[in-house]
Amino acid sequence: MAAELTSTKLNAENHLLLDQPLLRLPHELARKNFKSVQRIVEREREYILPSLKATASISPCNGQTPDQTLAALDAMISRMQGLKRKMENLHQEERKIHDQSRKRIEHLENLHQIHSLADVKYDQWSRVRLDRLVTDYMLRSGYTESARQLAHEKDIEDLADLNVFIQCQRVAESLRRGESKDALQWCSENKAALKKSQVCVQVPLKTPSCHSAYTSSSSNSLSTTTSVCPICSTELHELARNMPYAHHTKSYVESDPIVLPNGRIYGQQRLLEMSKKVGCVEVGKVKDPTTGEVFEENELKKVYIM
């Protein structure tokens, strides 16, 4: 009898370990909303305070007319009204986030009121959780409208991250159409978090070697280099084929460039040092570190940058 009670006892803490993301996202959204409020207030303060001080110092003695004073005050009032509208919108967004967090906490707290796996309440709670996981899976798979209908039918809109996935889908669709505006805007809005997580969001400066047959050691067993270029990656290789080449306003070419018979250009001193380090070429010969081809030193030709 004791063994049976032990086997049906519900450990809520173990269950909730898998549901941590349920509360993490609202927390991140609330933090982002607060940062937006802080940024807007600081920007408007930099404009309002100097304008208010300048308006207060206006007098007929320095040549300002009453109409000019009224115009300055009207401009300031209009600016403050715009700030009020922005703050109201952000306040509404914050209330939605708090309501969502409250309902998610209530959903998780309900589990602590259940003490046995055999309790009918646990079956009900598990069904809600299953509906939430199915909705999440459908969102991640791109079935946004179906996920929205399921969440509405099961009354779990506040337990599903519909808006976040819809935004992600919109960015993904724009990238498939060859448009980068939405993606760059998302990167700009989340640059602080991306920087903290050490994610590079710079747009990759494409070169002629990006679509070479010798881009990295993954494509050529003779290559001694490994490419970390995103344009050369498997995921972006074909997508970036029609991408324009980078235009450099500053030259990064080494001071002693030479060209090999295969047309590839390297710095002479660095190429010779690299060939010695490899140790698998004869004296008087050099090895192309990218393709693995070996050439005589007298075959190297000096390159002059115009």
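Here are five short exercises with worked solutions on the predicted model shown above.

**Exercise 1. Take stock of the chain.**
Task: find how many helices and strands the protein chain has, and what share of its residues is buried.

Solution.
- Step 1: Start with the secondary structure, which comes to ten helices and five strands.
- Step 2: Turn to burial. The protein chain has 306 residues, and 26% of them count as buried.
- Step 3: Add the surface. The protein chain exposes about 22100 Å², with 55% of that area supplied by carbon and sulfur atoms.

**Exercise 2. Lay out the open sheet.**
Task: work out the strand order of the three-stranded open sheet, and say which strands stand at the edges.

Solution.
- Step 1: Write down the order, S2-S1-S5, and note that the pairing is antiparallel.
- Step 2: Look for strands with a single partner. Strand S2 (265–267) and strand S5 (301–302) each have just one, so one side of each is left without a neighbour in the sheet.
- Step 3: Check one of the pairings. Strand S1 (residues 257–259) joins S5 in the antiparallel sense over two bridges, and Val259 stands opposite Lys301 in S5.
- Step 4: Now place the helix. H10 (residues 268–278) packs on the sheet and touches S1 and S2, and its direction makes about 85° with that of S2.

**Exercise 3. Find the buried face of H10.**
Task: list the buried residues of H10, then decide how they are arranged around its axis.

Solution.
- Step 1: Pick out the buried residues, namely Leu271, Leu272 and Ser275.
- Step 2: Look down the axis of H10. Its buried residues fall within an arc of 95°, so they line one face of the helix.
- Step 3: Recall the geometry behind this kind of pattern: with 3.6 residues a turn, an α-helix has residues three or four places apart pointing the same way.
- Step 4: Ask what lies over the buried residues of H10. The cover includes S1, S2 and strand S3 (285–287).
- Step 5: Go round to the face turned away from the buried side of H10, where you will meet the exposed residues Lys276 and Lys277.

**Exercise 4. Compare two residues of H7.**
Task: for Phe165 and Leu175, decide whether each is buried or partly exposed, and name the contacts beyond four places in sequence.

Solution.
- Step 1: Locate them. Phe165 is found in helix H7 (residues 162–176), and Leu175 is in helix H7 as well.
- Step 2: Apply the cut-off: buried means under 20% relative accessible area. Phe165 counts as buried because its relative accessibility is 12%, while Leu175, at 38%, counts as partly exposed.
- Step 3: Collect the contacts, leaving aside residues up to four places away. Phe165 touches Asp136, Leu139 and Arg140, and Leu175 is in contact with Ser180 and Ala183.
- Step 4: Add a distance for Phe165. Its C-alpha atom is 8.6 Å from that of Gly142, a residue 23 places away along the chain.

**Exercise 5. Follow the helices further.**
Task: find the sequence separation and the C-alpha distance of Lys32 and Asn190, then describe residues 73–103.

Solution.
- Step 1: Place Lys32 in helix H3 (residues 21–56). With a relative accessible area of 31%, Lys32 is partly exposed.
- Step 2: Lys32 and Asn190 are 158 residues apart in sequence, and their C-alpha atoms are 8.6 Å apart in space.
- Step 3: Beyond its neighbours within four places in sequence, Lys32 is in contact with Glu189 and Asn190.
- Step 4: For residues 73–103, the unreviewed UniProt entry gives the feature "coiled-coil region". In the model this span is 100% helix and 0% strand, and its end C-alpha atoms lie 45 Å apart.

Definitions and conventions: Residues numbered from 1 in each chain as written. Predicted model: local features only at pLDDT ≥ 70, side-chain atom pairs only at ≥ 80, totals over all residues. Heavy atoms only, no water. Helix = DSSP H or I, 4+ residues; strand = E, 2+ residues; numbered from the N terminus. Buried < 20%, exposed > 50% of the residue type's maximum accessible area, 1.4 Å probe, protein only. Areas by Shrake-Rupley, 256 points an atom, 1.4 Å probe, with all protein chains shown as cover. Pairing = 2+ DSSP bridges. Contact = heavy atoms within 4.5 Å. Axes fitted to C-alpha atoms, helices over the stretch in contact; angles between N-to-C directions. Arc of directions from axis to C-beta. UniProt positions renumbered as here; feature names shortened; annotations may be inferred.
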